[in-house]
Amino acid sequence: MKLRQGQFSFLPDLTDDDIRVQAQYAIDNGWAVSVEYTDDPHPRNTYWEMWGHPMFDNPDAAAVVFEVNECRKEHGGTYIRVIAFDSSPGWESIRMSFIVNRPADEPGFRVVRQEGEGRLVRYTIESYAMREPEGARYA
Amino acid sequence: MEEPRPTHVDLAAAFEDSGVREVLEELDRTLIGLAPVKSRIRETAALLLVDQARRRMGLATGAPTLHMSFTGNPGTGKTTVALKMADLLHRLGYVRKGHLVTVTRDDLVGQYIGHTAPKTKEVLKKAMGGALFIDEAYYLYRPENERDYGQEAIEILLQVMENNRDDLVVILAGYADRMDRFFASNPGFRSRIAHHIEFPDYGDAELLTIAERMLDQQNYRLDEAARRAMSEYIPARRGQPHFANARSIRNALDRARLRQANRLFNEARGPIDADTLSTITEADLRSSRVFRGGLDVDRATGQAGASQAAE
């Protein structure tokens, strides 16, 4: 099951050139672009591992593509995303976030039902990948 | 999806449209002398225009190698030309942004194991989309110390120069003889650099014109006697150690401005006009120690030359 998180996730996977154009848009708007990776695909997993520092002073997006490819060498089997942080007052938040790399095999999520008091049922989801310990997911 | 290929190209029109003409004209106007450098740049521009035309007609594939080396003595305008070069490549569409990042060994090579690679990569990333100017590039290679981290920086540099050829242009600069030795011991560099441009020294008359132009930019001028003094100063300075062409002239003018300010301060009784404020007189130049035999005189009297360190 293909993970649908962030921008462009319903489109075919982005090519390096697509990534460059999108990152350039962020840079031209003055946002700091950074690369992050994780092997925990849960949608509420907000804080992914940082790949290097956010790129505050690179005028050209080729640097972003370069870092994405460096990250792929090391963490090619996990999810990698590019995010753009807007530091201007009032925003101070992520403006863009899109996945640029995903594992070859994405097992998807299962629904977990928990019986509560009375006939209450709590629902949650859990990725099948999360059954393996960290680092052993996605082979 | 591809546009139909044109059957003809109009090189003259391409030349006009690309804005290369403005860069070349600006180069002619703002840079004095350097005739061989200018002709090399014009040749490079022509090559790139033709390459662009060929590519549009489907005759050429892949970007040409644009990495360059600038060799010449200090103060011959290497950095200035590199700036213009970045602009030129930007207008021709070979680099996307056209900015110039100037670095030396310190910016690339780290202090301890594992420090060099991130540092070099950081610099390379900053230069992507533009040109990376490595001043005194031969310092990267220190043959006397085989554990020097410079070698690591060189390897990363070579790798990026090869793999990210479309993303950045690397310009190496330095003295001719030391650059030759550097290339001899790093054949990888030599083969990846297509354009070697040599910067000749300036003639005395050229330096005088440069001096006047520098002053003009700061709204100063030389009076007639000062002009004569300057034209004597230049050959005298050339004969002394640490002569750095235009940079020496700039330093001399900075010191002359200092003396002029001092003179005005001591002499002025009552209001002075703009003309006096902007005129450098003979006295301001003649009191230079260059006319008294140069730096050695100061050494003997124990005043280590601060200006010499600045050169």
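Of the 139 residues that make up chain A, 31% count as buried. That figure, like everything below, comes from a predicted model. Chain A is built from two helices and six strands, and reading from the N terminus the elements go α-β-β-α-β-β-β-β. So much for the order; as for dimensions, the C-alpha trace of chain A spans about 60 × 40 × 25 Å along its principal axes. Contacts in chain A reach well along the sequence, too: among those with a separation of 6 or more, 53% join residues 24 or more positions apart.

Chain A also meets chain B. Here, eight residues of chain A are in contact with ten residues of chain B. On the chain B side of this meeting, five residues are charged, four are polar and one is nonpolar.

Turning to chain B itself, the chain is split into domain 1, covering 64-199, and domain 2, covering 204-310. The C-alpha centres of these two domains of chain B are 34 Å apart. Where the domains touch, each of them supplies five residues to the contact. The domain 1 side of that contact has four polar residues and one nonpolar residue, with no charged ones.

Chain B also holds an open sheet. Five strands take part, in the order β2-β3-β4-β1-β5, and their pairing is parallel. In general, the strands of a sheet pair through backbone hydrogen bonds, and they can do so in a parallel or an antiparallel way. In chain B, β2 (100-103) and β5 (195-199) sit at the edges and have a single partner strand each, so one side of each is left without a neighbour in the sheet. Neighbouring strands of this sheet are turned against each other by 20° on average, if direction is ignored.

One pairing can be followed down to single residues. Strand β3 of chain B (residues 131-135) and strand β4 of chain B (residues 169-174) run in the parallel sense and share five bridges. Within this pairing, I134(B) has L172(B) in β4(B) as its bridge partner.

And what packs on the sheet? Helix α4 of chain B, residues 78-91, does, touching β1 (68-72), β2, β3, β4 and β5 of chain B. The direction of helix α4 makes about 165° with that of β3(B).

Key
Residues numbered from 1 in each chain as written. Chains lettered and ligands numbered in written order. Predicted model: local features only at pLDDT ≥ 70, side-chain atom pairs only at ≥ 80, totals over all residues. Helix = DSSP H or I, 4+ residues; strand = E, 2+ residues; numbered from the N terminus. Buried ≥ 20, exposed ≤ 12 C-beta atoms within 10 Å, placed from the backbone. Contact = placed C-beta atoms within 7 Å. Domains from an automatic or database assignment. Nonpolar A, V, L, I, M, F, W, Y, C, P; charged D, E, K, R; others polar. Pairing = 2+ DSSP bridges. Axes fitted to C-alpha atoms, helices over the stretch in contact; angles between N-to-C directions.
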